[in-house]
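Please open the structure in your viewer and keep the selection panel at hand. The stops below say what to select next and what is found there.

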Amino acid sequence: MNAAGTTTALPHTAASRPRDPRLDFFRGLAMFIILLAHTPVNPWTLWIPARFGFSDATEIFVFCSGMASAIAFGAVFTKRGWIMGAARIAHRVWQVYWAHIGVFLTTAMLSFAIDHFGIGLTGKAYVDEPYVVPFFDRTGEAVLGLLTLTYVPGMFDILPMYLVVLAMVPMVMALHRAGGLPAVAGFVGLVWAASNLAGYARMAYPDASAPTWLADVGERLSWMLLPSNPFGADTWFFNPFAWQLVFFTGFAFGMRWLPAPPVSRSLVIAAAAYVLLVVPFAWFKIYDGFYVPENSALHLWIRGTRMAIEPLWWKSWVGAFRYLHFLALAYLAWVAVGPRGVRLRDGFTPRDPAPRPVRATAAAVAVLTIPYSYIDEIKVLSPALDRWFFENIPLVHGNRIELIQLVHLSALIVLGWAAIGDRGRAFLVRDLVRLAVPVIRKVGTQSLAVFMASIVLARFNGWVLDMIGRDAWTVAAVNLTGFGILIAVAYIVSWFKSQPWRGAAPARATAETQPSAGAADGRGGTRLAAMRA
């Protein structure tokens, strides 16, 4: 406020454009998937996207974090200068560092408490899952390694990777100022390729089948393999020098250095074709011979090809095929939600039910596959019928019964979609989307806090399932409750970040603002006036 009593507008120091709803939505989805993936022996993980392709929720999280970093920190670089932008990044790295320390300590102590008080499964050591035994057996070395990021056990490696990549942002901004997008692309691509050569040397050398020169170059780049513990030769599972490729791809889109890709039928077909082509090489049900005859020519070719191209899909160093798979999925998702994510706001238009011949075929398939789809239920109701069926009509090999169950489920979905009518279809794809998307977006806006909670919650959920057993109902109850907890964390953290205590205080009745009983009936008015004077 100036001398005249008017308010002077402060200069904007953050991005003025609104948050992209697609960014928060997909980052929120990644948080739910990560919770499922980290929960021990969780049957729902058999159906997360990672089971059917090379990329998974980690790419979603890192890519969206790159976009969010561009929106949150990029404007500081452009409006306040490089030094202030670097300072803002340093502050965020400091926050992520202590978030990592807190998550590790909380999870380690939870695992130790279960063992210490004997409230877990008999004979099971919970400090082995995740493996945090050195923290209690060799505490001094482990604490030193934890604080210097040289002790990074599995499951605790995403945040360290993220903070190293964040620390590279000032360099990338300086490169862009000096040489534009080509300089950034050259740096990011070169660092990614170098980390892959280091990984190749570690995984393949001294294999005689590996090209010698690749292994030699990779050996010279071994410094890029950051040590994950002070007790052995293990390295970080998520190599930050490789994962920066995914982060800075999102960052470049967020900074608008890269234009949005066009919506093209040919690109959609190419992306979908690649995603489908990857399935046999990524889904263990196929490459392990469950849904394809084991040791058949097709199975041996799929398995052999998968092993031969491992450096192109491995996770630690973001193989080229893995990166391409993520880009294909991201493009399909970007097209699916519409321009500016309009379908996330308005929902989808319900499709007409399948034609009558398709519904008739689905009904026939659903009936014929009943014996394979409800094996446990039939066995309980009639063991004799179950035994007679599989002894006399062995139509399907046991390894492929689940495939028949998937066919049965697909037929039920077709029939159910037709049965619920126009109003039911509209509710599912329009009204329910409108209700769910804001909640998922809220989770995405608080991704760091939610991620921290999910790591600890995943171990807790695993312990709960150990205690109550894992059947369809208990697994669903625990997973859905976990989702609810993540949502609650997001809303609570958002409330605290809004700093409600800094708003105007509510009006409170006081003796000076309310007349006394005497004043109400005409007495005491003189005394009250004197007190106010």
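Does D56 count as buried, partly exposed or exposed? D56 counts as buried, because its relative accessibility is 12% and the cut-off for buried is under 20%. Before going further, please keep in mind that this is a predicted model, and that every value on the tour is computed from it.

**The whole chain**

With the whole chain displayed, a cartoon view should show 25 helices and 0 strands. Of the 533 residues in the chain, 42% count as buried, while the chain exposes about 28,800 Å², of which carbon and sulfur atoms supply 67%. If you draw contacts between residues at least 6 apart in sequence, 73% of them join residues at least 24 apart.

**First stop: K315 and D56**

Select K315 together with D56, whose side chains meet in a salt bridge with an N to O distance of 2.7 Å. The pair links distant parts of the chain, 259 residues apart: K315 sits in the loop between helix 13 (310-313) and helix 14 (320-336), and D56 in the loop between helix 1 (21-38) and helix 2 (57-80). The two partners fall into separate classes of accessibility, since K315 is partly exposed with a relative accessible area of 23%, whereas D56 counts as buried at 12%.

**Second stop: further salt bridges**

The structure holds 13 salt bridges, and two others can be selected now. Side chains of opposite charge can pair when their charged atoms come close. In one of these bridges the side chains of E129 and K124 meet at 3.4 Å, N to O; E129 is partly exposed with a relative accessible area of 37%, and K124 is partly exposed as well, with 24%. In the other, the side chains of R430 and D431 meet at 3.4 Å, N to O, where R430 counts as partly exposed at 31% relative accessibility and D431 is partly exposed with a relative accessible area of 27%. To return to the first stop with a wider selection, add E59 and R322 to D56 and K315, as salt bridges that share partners join these residues into one network.

**Third stop: helix 3 and its end**

Select residues 82-116, which make up helix 3. How far apart are the end C-alpha atoms of this helix? They are 50 Å apart, which agrees with the 51 Å that 35 residues should span at 1.5 Å a residue; the expected span is 1.5 Å times one less than the number of residues, so the first residue adds no rise. Helix 3 is followed by G118, whose phi is positive, near 65 degrees.

**Fourth stop: aromatic rings**

A pair of aromatic rings is described by the distance of the centres and the angle of the planes. Counting ring pairs with centres within 6.5 Å, the total comes to 35 aromatic pairs. One of them is formed by F112 and F136, a stacked pair with 4.8 Å centre to centre and 20 degrees between the planes. F112 lies in helix 3 and F136 in helix 4 (residues 133-137), so the pair ties together parts that are 24 residues apart in sequence. F112 counts as partly exposed at 31% relative accessibility, and F136 is partly exposed with a relative accessible area of 25%.

Now select F251 and W257, whose ring centres are 5.6 Å apart and whose planes stand at 70 degrees, so this pair is edge-to-face. F251 is buried, with a relative accessible area of 1%, and W257 is buried too, with 15%. Extending the selection to F61, Y162, F247, F248 and F451 completes a cluster that ring pairs link together with F251 and W257.

**Fifth stop: T235 in its loop**

Select T235, which is found in the loop between helix 8 (212-220) and helix 9 (240-254). T235 counts as buried because its relative accessibility is 18%. Leaving out residues up to four places away in sequence, T235 touches R202, L225, L226, P227 and S228.

**Last stop: a nonpolar surface patch**

Switch to a surface view and select I420, F427, L428, L432 and L435, which make a nonpolar surface patch of about 440 Å². Within this selection, L428 lies in helix 21 (residues 421-445) and counts as partly exposed, at 40% relative accessibility.

How values were computed: Residues numbered from 1 in each chain as written. Predicted model: local features only at pLDDT ≥ 70, side-chain atom pairs only at ≥ 80, totals over all residues. Heavy atoms only, no water. Patch = residues over 30% accessible without salt bridge, like charges linked within 9 Å, V, L, I, M, F, W, Y side chains within 5 Å. Areas by Shrake-Rupley, 256 points an atom, 1.4 Å probe, with all protein chains shown as cover. Salt bridge = Lys/Arg side-chain N within 4 Å of Asp/Glu carboxyl O. Helix = DSSP H or I, 4+ residues; strand = E, 2+ residues; numbered from the N terminus. Buried < 20%, exposed > 50% of the residue type's maximum accessible area, 1.4 Å probe, protein only. Contact = heavy atoms within 4.5 Å. Phe/Tyr/Trp six-rings, centres within 6.5 Å; stacked < 30°, edge-to-face > 60°.
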